[in-house]
Amino acid sequence: MKKLLLVSLAVMACSGPRVSGPGINNRRAASLFQDASVELQCPESELRGSYVQSIEDNLHAYTVEGCGKQTTALLHCMAGLCKWRETPEQKAAVDLQCPREQLTRQLQGTRFVMSGCGQTRTYGFVRGHLV
């Protein structure tokens with residue numbers, strides 16, 4: 001009986017999400033790594049994810065790194081329902097008309113300062129939405 005319990009706990013530990021933090025479960029972690037793999041053009045097996053910080057009570061920042069590149073993901077959770085949101089990199093690429101590879105990001109408190117192609121924009125969040 002003890003051996004069965006230990007094996008069950010070991011299997012559960014191995015099948016947990018590859019990143020931990022507020023709002024993350026197996027399904028959300030899988031989505032995070034699938035999207036990052038496409039965006040970074042890097043196999044999922046080479047990606048590492050980490051929780052960065054909560055920007056608002058219900059908005060949580062994660063980074064995914066691999067193949068010499070990095071991306072940010074934002075998870076907004078309300079009443080147990082969570083959704084990945086637009087990132088500062090995505091918004092800045094459009095606003096600055098600048099390829100994402102040329103953008104740099106600096107986190108200042110709860111704001112993201114995005115620079116690239118000779119321009120800079122600062123983004124913050126209001127109720128989980130990037131402004």
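Trainee: Where is Cys-67 found?
Mentor: Cys-67 sits in the loop between β2 and β3. Keep in mind that this is a predicted model.

Trainee: And what about its backbone, what's phi there for Cys-67?
Mentor: Phi of Cys-67 is about 55°, a positive value, although the residue is not a glycine. For context, most residues other than glycine have a negative phi.

Trainee: Is Cys-67 buried or exposed?
Mentor: In between: Cys-67 counts as partly exposed, because its relative accessibility is 39%, and the partly exposed class runs between the 20% and 50% cut-offs.

Trainee: Which residue does Cys-67 pair with in a disulfide?
Mentor: Cys-42, with an S to S distance of 2.1 Å. That bond links distant parts of the chain: Cys-42 is in the loop between α2 (26-40) and β1 (48-56), Cys-67 is in the loop between β2 (59-66) and β3 (69-78), and the two are 25 residues apart.

Trainee: Which hand does the Cys-42 and Cys-67 disulfide have, and why?
Mentor: The torsion about the S-S bond is about 75°, so this disulfide is right-handed.

Trainee: Is Cys-42 buried or exposed?
Mentor: Buried, with a relative accessible area of 3%. Its partner Cys-67 is partly exposed.

Trainee: How many disulfides are there in the whole structure?
Mentor: A search of the whole structure turns up 3. Counting bonded cysteines along the chain, the pattern is 1-2, 3-4, 5-6.

Trainee: OK, what about Cys-77, who's bonded to that one?
Mentor: Cys-82, and their sulfur atoms are 2.1 Å apart. The S-S torsion of Cys-77 and Cys-82 is about 115°, so that link is right-handed too. Cys-77 itself is buried, at 11% relative accessible area.

Trainee: Which cysteine does Cys-98 bond to?
Mentor: Cys-117, again with sulfur atoms 2.1 Å apart. The link of Cys-98 and Cys-117 is right-handed, with 80° about the S-S bond. This pair also connects distant parts of the chain: Cys-98 lies in the loop between α3 (88-95) and β5 (104-108), while Cys-117 lies in the loop between β6 (111-116) and β7 (119-123), 19 residues apart.

Trainee: How exposed are Cys-98 and Cys-117?
Mentor: Cys-98 is buried, with a relative accessible area of 3%. Cys-117 is partly exposed at 39%.

Trainee: Back to backbones. What is phi at Gln-41?
Mentor: Near 50°, a positive value in a residue other than glycine. Gln-41 is in the loop between α2 and β1, and with a relative accessible area of 67% it is exposed.

Trainee: And what is phi at Gln-97?
Mentor: About 50°, so to speak on the positive side, and Gln-97 comes just after α3.

Trainee: Since you mention α3, which of its residues are buried?
Mentor: Pro-88, Glu-89, Ala-92 and Ala-93. Seen down the axis of α3, the buried residues fall within an arc of 130°, so they line one face of the helix.

Trainee: Why would residues spaced like that point the same way?
Mentor: An α-helix has 3.6 residues a turn, so residues three or four places apart point the same way.

Trainee: What covers the buried residues of α3?
Mentor: The cover includes β3, β5, β6, β7 and β9 (129-130).

Trainee: New topic, pockets. How much space is in the largest pocket?
Mentor: About 330 Å³.

Trainee: Which residues line the largest pocket?
Mentor: Among them are two we've met, Gln-41 and Glu-89, along with Glu-39, Arg-100, Glu-101, Arg-105 and Met-114. α2, β3 and β5 each supply at least two residues of that lining. By class, the lining has 3 nonpolar, 3 polar and 6 charged residues.

Trainee: What volume does the second largest pocket have?
Mentor: About 170 Å³. Its lining takes in 13 residues, and Asp-35, Thr-72, Ala-73, Thr-87 and Gln-90 lie nearest the centre.

Trainee: Which elements each supply at least two residues of that second lining?
Mentor: α2, β3 and β4 (81-85).

Trainee: And how does the lining of the second largest pocket split by class?
Mentor: It has 5 nonpolar, 4 polar and 4 charged residues.

Note on methods: Residues numbered from 1 in each chain as written. Predicted model: local features only at pLDDT ≥ 70, side-chain atom pairs only at ≥ 80, totals over all residues. Heavy atoms only, no water. Disulfide = S-S within 2.5 Å. Helix = DSSP H or I, 4+ residues; strand = E, 2+ residues; numbered from the N terminus. Buried < 20%, exposed > 50% of the residue type's maximum accessible area, 1.4 Å probe, protein only. Arc of directions from axis to C-beta. Contact = heavy atoms within 4.5 Å. 1 Å grid on protein atoms, 1.4 Å probe; cavity = no way out; pocket = protein on both sides within 12 Å on 5 of 7 lines; lining within 4 Å. Points joined across faces, edges and corners; volume = space filled by probe spheres on them. Nonpolar A, V, L, I, M, F, W, Y, C, P; charged D, E, K, R; others polar.
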